[in-house]
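Work through these short exercises with the structure open beside you. Try each task before you read its solution.

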Amino acid sequence: MRIGIIGTGNIGGSLVRHLSRASHDVKVANSRGPETIEADLLTHGARAVTAAEAAQDVQVLILSVPLGAIPHLADIVRTLPESATVIDTSNYYPQRDGEGFLPEGTVESVWVTEQLGRPVVKAWNSIGASPLAEKGRPAGTEGRVALPVAADREEDRTRAHALVDATGFDPYDAGPLAESWRQQPGTPCYGTDLTLGELPQALATADAEHAPRRRDIYVDAAAERLGSGISPDADWGVALARLLFR
Ligand SMILES: NC(=O)c1ccc[n+]([C@@H]2O[C@H](COP(=O)([O-])OP(=O)(O)OC[C@H]3O[C@@H](n4cnc5c(N)ncnc54)[C@H](OP(=O)(O)O)[C@@H]3O)[C@@H](O)[C@H]2O)c1
């Protein structure tokens, strides 16, 4: 597929690596310009471009930026044809994005569609940066991690499933965007690296009322570790998410 990726951080960078290694035609952009994109991201044929160029002549545009940057990309997204698929990896963290930036109870991806004026897919938001980089496995591998994909349009869903699979994870149809609160921070599928057998129940038992508080407890616990000079590793993060969110 012809893919543009905006955002080369923890998540966007891994997506560039995985998808270009899987022989997709990948263009990649950040906020500072193509000359600032690290050479190692381009090893498998991805090309560094401006953010506007990342949206030109692509079938899929992946946005992997902090939630607060989404509105700034609306003009670029508007240049896409209706048939293109936009996939958003973002999550809302008040600690990073600002208290009250999203009103309580807002479904994050629905807010994103309102900002961009078009449908999006929510995918890759529920896995941590290290597991995304390291836990991808070929289809059929026992214990392969599964990721929820929420979308409103069938063609978008089909493309996103193919790309999640190409990054090494089992895609799972998590329903329409209105239901994507079930894969937001603090829910049972979030950061818990579940399999295809475990994911449906995790989505079904998500608790909208308690998820934000559980998200904040997780952030506080990670900050406490960092503040005491201990850098929690990925296994610690998954173990804590399983305790708090499931
Ligand atoms: N980190 C995780 O474990 C994780 C897991 C799942 C989902 N997510 C979500 O995925 C999104 C990305 O997270 P991340 O950790 O990868 O973020 P990150 O490491 O901070 O990277 C953000 C990227 O977005 C780019 N960016 C910001 N504003 C931009 C703009 N206006 N135009 C173009 N590019 C812009 C930045 O460009 P520069 O490089 O030029 O600054 C950077 O490359 C967030 O919404 C996050 O909540 C994160």
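**Exercise 1.** How far apart are the end C-alpha atoms of residues 2-92, and how much of the span is helix and strand?

Solution. Start with the ends: their C-alpha atoms lie 28 Å apart in this predicted model. Next, take the secondary structure. Helix makes up 22% of the span, and strand makes up 22%. Finally, check the record. An unreviewed UniProt entry places the feature "domain: Pyrroline-5-carboxylate reductase catalytic N-terminal" at residues 2-92.

**Exercise 2.** Where does the ligand sit, and how many residues surround it?

Solution. First, locate the ligand: it sits in the largest pocket. Then count the shell. There are 24 residues around the ligand. Thr8, Ile11, Ser31, Arg32 and Val65 are the closest. Now sort the shell by type: 10 residues are nonpolar, 12 are polar and two are charged.

**Exercise 3.** Which atoms of asparagine 10, threonine 89 and asparagine 91 lie 2.9 Å or 3.4 Å from an oxygen atom of the ligand?

Solution. A polar contact needs N or O atoms within 3.5 Å. Take asparagine 10: a polar side-chain atom lies 2.9 Å from a ligand oxygen. Go on to threonine 89. An N or O atom of its side chain is 2.9 Å from an oxygen atom of the ligand. Asparagine 91 uses its backbone: an N or O atom there lies 3.4 Å from a ligand oxygen. Last step: look at the ligand's surface. Taken alone, the ligand exposes 900 Å². The protein buries 77% of that.

Notes:
Residues are numbered from 1 along each chain as its sequence is written. This is a predicted model: local features need pLDDT of at least 70, side-chain atom pairs count only at pLDDT 80 or more; totals for chains, interfaces and linings use all residues. Side-chain values use heavy atoms; hydrogens and water are left out. A residue is near a molecule or strand if one of its heavy atoms lies within 4 Å of it. A polar contact is a pair of N or O atoms within 3.5 Å; within protein, one must be able to donate a hydrogen and the other to accept it, and residues adjacent in sequence count only if both atoms are side-chain atoms. Accessible areas come from the Shrake-Rupley method with a 1.4 Å probe; for residues, only the protein chains shown count as cover. On a 1 Å grid over the protein atoms alone, a cavity is a set of points where a 1.4 Å probe fits but cannot get out, and a pocket is an open set with protein on both sides within 12 Å along at least five of seven lines; lining residues have an atom within 4 Å of a point. A molecule sits in a cavity or pocket if more than half of its atoms lie within 2 Å of its grid points. Ala, Val, Leu, Ile, Met, Phe, Trp, Tyr, Cys and Pro count as nonpolar, Asp, Glu, Lys and Arg as charged, and the others, Gly among them, as polar. UniProt positions are given in the numbering used here, feature names are shortened, and annotations may be inferred rather than shown by experiment. Helices (H or I, at least four residues) and strands (E, at least two) are DSSP runs, numbered from the N terminus.
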